[in-house]
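Q: Could you take a close look at one part of this model for me, the strand pairing, and walk me through who sits beside whom? A connected answer would be great, with the rest of the chain as background.

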Amino acid sequence: MTPRQEQTVRLPLTGDSPLEAPAAWETLRSGCPVAIAELPSGDKAAYLTRYADVKNVLADPRFARPAATDPGAARVAPDGAGGPATDADGSVAIPDRGEGHQRWRRRVGKYFTAKRMTALRPGMTAMAESLVDAMVERGGPADLKASLGFPLPVFVICEILGVPAEHRERFSHWSDAFLNVTRFTAEQTRAAQADFTRYMEAHVAAVRADPGDDLLGMLVRDGRAEEDGGPSDEELAATGMGLLVAGHETTANMIGKMTALLLADRSRWERLVADPALVRTAVDEALRFDANSGFGIRRYLTEDIEIDGRPLPSGTTVVCAMPAANRDERMFTDAASMDLSRSPNPHLAFGAGPHACLGQALARTELQVALEVLLRRLPTLRLAVPAGELHRLEGLLVGGLREVPVVWEESAA
């Protein structure tokens, strides 16, 4: 059931180019902050665009991502395409709400500490340097996404999960099948999920036999001291699958989008070359400013609520448009401008509340490392095509660019 509203929009909303915000966001924030959204499946949901509304729903512990068992929940993908990452079909063993979810977050969150991220940073930097070396050796123009954006996060997440990085092409296929709602049929998605599940079950069995220092090994060792024996094999496999998909696909695309945003107005890039100390705030501003982040986060209402004076009954699916909220002038001064020194910057790119992204410290670290290495090694970097000629990656839940073509002065490399 969905509320009756004045305006209906079809998702995903897009701007004139992949880097530009849809004009409809400002119109909706001003006149219809609770609209109706039609998803690719044809199902409808409430669509929120104001910062306060989006944050309040995301932070409300009563509401979680819709599950296949939730009556009337709006599906993102047509005909079941997209797998559990889009429609929570019940085959994933990670609890997504209640105390079970919070227990899982406490277990996994022990790994993503600031101390561990600091320890991972030198290895990330060395890998980024190596990838830039290879890109420079091949010469320009180059696709930054393929050369750096994709391989860096997959190497990192493979190390965190203790799986071989040479399997990265398989991981790419599986994550694409999980996160793309238009490219694959339901049968292809089910086949990818089955392959991925078999792979991760075999990996979990190996970790049980000989737990290492990676995240899954930590969960196995810690679980031996817990009264309930710790996470089951199914939960460990689902954790590995979820983190591998989320930990590689989102950051891989964001490295490309961040670089494109900074090069689209080259004064931004030149400012960072002159003052690399701005990298940390620039990364968070790129996250806030990103208009191409997919469909938004869905929440299923298990109780009646009211937003902006409009009643939303239990059973409604709500789509929280984080990038629209991140452009809300009510929260951000000069929200339509990219301010590389913006601080504080309470953007919602990682969500909020009990379901906020567990790996946000890892994502920030990877984005900072990628940007630091590019600024140091390729200060003359520029887009090889006008920003308006970049192409968005269609159908991807998390948003992305097909490629990020770049060139540089060879003598400076």
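A: **Strand β8 and its partners**

Let's start with strand β5 (residues 297-300), which is joined to β8 by four bridges, with the two strands running antiparallel. Keep in mind that this is a predicted model. Within that pairing, R298 has V319 of β8 as its bridge partner.

V319 turns up again with another strand: Y47 is bridged to V319 in β8 too. That contact goes with the pairing of strand β3 (residues 44-48) and β8, which is parallel and runs over three bridges. So much for the neighbours; now for the faces. Strand β8 (residues 317-320) is covered on both of them. T317 and V319 are buried on one side, and V318 and C320 are buried on the other.

Now over to another piece of pairing, an open sheet of three strands in the order β4-β10-β9, paired antiparallel. Its edge strands are β4 (142-143) and β9 (382-383), each of which pairs on one side only. Strand β10 (residues 405-407) runs antiparallel to β9, and two bridges hold the pair together. One position to click on there is R382, which stands opposite V407 in β10.

Moving on to a helix, α6 covers residues 144-149 and contains K145. Is K145 buried or exposed? K145 has 14% relative accessibility, and the limit for buried is under 20%, so this lysine counts as buried. What is K145 in contact with, once neighbours within four places in sequence are left aside? The list is F150, P151, N253, L393, L401, R402 and V404.

Stepping back to the whole chain, there are 15 helices and 10 strands. The radius of gyration is 21 Å and the globule rule gives 22 Å for 413 residues, so the chain is as compact as a globular protein of that length. Along the principal axes, the C-alpha trace spans about 60 × 60 × 40 Å. Of the 413 residues, 56% are buried. Looking at contacts with a separation of 6 or more, 73% come from residues 24 or more positions apart.

As for the outside, the chain exposes about 17,000 Å², with carbon and sulfur atoms supplying 50% of that area. The charge tally is 46 positive and 57 negative side chains, and the centres of those two sets are 2 Å apart.

Definitions and conventions: Residues numbered from 1 in each chain as written. Predicted model: local features only at pLDDT ≥ 70, side-chain atom pairs only at ≥ 80, totals over all residues. Heavy atoms only, no water. Rg over C-alpha atoms; globule rule 2.2 N^0.38 Å. Buried < 20%, exposed > 50% of the residue type's maximum accessible area, 1.4 Å probe, protein only. Contact = heavy atoms within 4.5 Å. Areas by Shrake-Rupley, 256 points an atom, 1.4 Å probe, with all protein chains shown as cover. Lys, Arg positive; Asp, Glu negative; His and termini not counted. Charge placed at Lys NZ, Arg CZ, Asp CG, Glu CD. Pairing = 2+ DSSP bridges.
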